[in-house]
Amino acid sequence: SKIPAPFKKMLVPNKMRHVICTGNLSSEDYAELSGLAPNVHVVAGDHDDANQMAFPESRVVQVGAFRVGVIHGHQILPWNSKEAVERVRRKLGVDILVTGHTHRNEVTSHSDGAFYHINPGSITGASSALVPDGKVTPSFILLAVQDTKVVCYVYELGEGDEVQVSKTEFTKKAEVDPQLEASNAKNATLMASFYRSQKEAEVDPQLEASNAKNATLMASFYRSQKEAEVDPQLEA
């Protein structure tokens, strides 16, 4: 399959810094992608060209503040399991996980926006047994990264070769040190326990009155100290 003409018009060489592909390439496909950007990142698919150079099973690409992990997708078992996707994401240590395999595009938030799973679909619209009737809508995804923010544009080729675009935005969450978070939780528990024990303790009325008197004396002493003139020689 070839990249549809409406998409080709949009893919202007050297307008992008990175091209990410989830595999299943022919030699001609790889050559075409290599002409689009200075950085081309490809992983092995499950039906790569036998004459094509060998690609790694996974890649991790740093784009701005984001670590982007890439695999073909057939390694995720059971498929469509959020837990399985999370395991792969955690293993690669990435903020965004990009997979293919299904030939259906999707942008999904996981763990309350802690990371995103992106599937660009098939840019050529190659048929797939994983799609009902084998009919695949050609699609690709463009990520615009600025600092800790990503704007994700999904391009689909509709009827009459009309390109339809949808957009998703997300921001990278601040990283939390697990040890510091656990320590803070422990301290909060200790403080809560201390507060409860203070509240629950019986108070001696005479001791309470004595404490109040001492507090008044300390306040008076502090005021008199503030109001008193200080001898510079004595202070020296």
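Two strands count as paired here if DSSP finds at least two bridges between them. With that in hand, welcome to a few close-up views of this predicted model.

**View 1. Strands S8 and S9 run side by side in the antiparallel sense.** Strand S9 covers residues 149-157, and 8 bridges link this strand to S8. For one pair to look for, find Ile141, whose bridge partner in S9 is Val154.

**View 2. Stepping back, S8 and S9 belong to an open sheet of 3 strands.** The order is S8-S9-S10, with antiparallel pairing. Strand S8 (139-146) and strand S10 (163-171) are the edge strands, each pairing on one side only. On average, neighbouring strands in this sheet are turned by 20 degrees against each other, direction ignored.

**View 3. Another open sheet is built from 5 strands with mixed pairing.** Follow the strands in the order S3-S4-S5-S7-S6. Strand S3 (58-63) and strand S6 (106-110) each have a single partner strand, so one side of each has no neighbour in the sheet. Neighbouring strands here are turned against each other by 20 degrees on average, direction ignored.

**View 4. S3 meets strand S4 in the antiparallel sense.** Strand S4 spans residues 66-71 and shares 6 bridges with S3. Look for Val63, which stands opposite Phe66 in S4.

**View 5. Helix H3 (residues 82-92) packs on the sheet that holds S3 and S4.** The helix touches S3, S4, strand S5 (96-98), S6 and strand S7 (115-119). The direction of H3 makes about 120 degrees with that of S4.

Technical notes: Residues numbered from 1 in each chain as written. Predicted model: local features only at pLDDT ≥ 70, side-chain atom pairs only at ≥ 80, totals over all residues. Heavy atoms only, no water. Helix = DSSP H or I, 4+ residues; strand = E, 2+ residues; numbered from the N terminus. Axes fitted to C-alpha atoms, helices over the stretch in contact; angles between N-to-C directions. Contact = heavy atoms within 4.5 Å.
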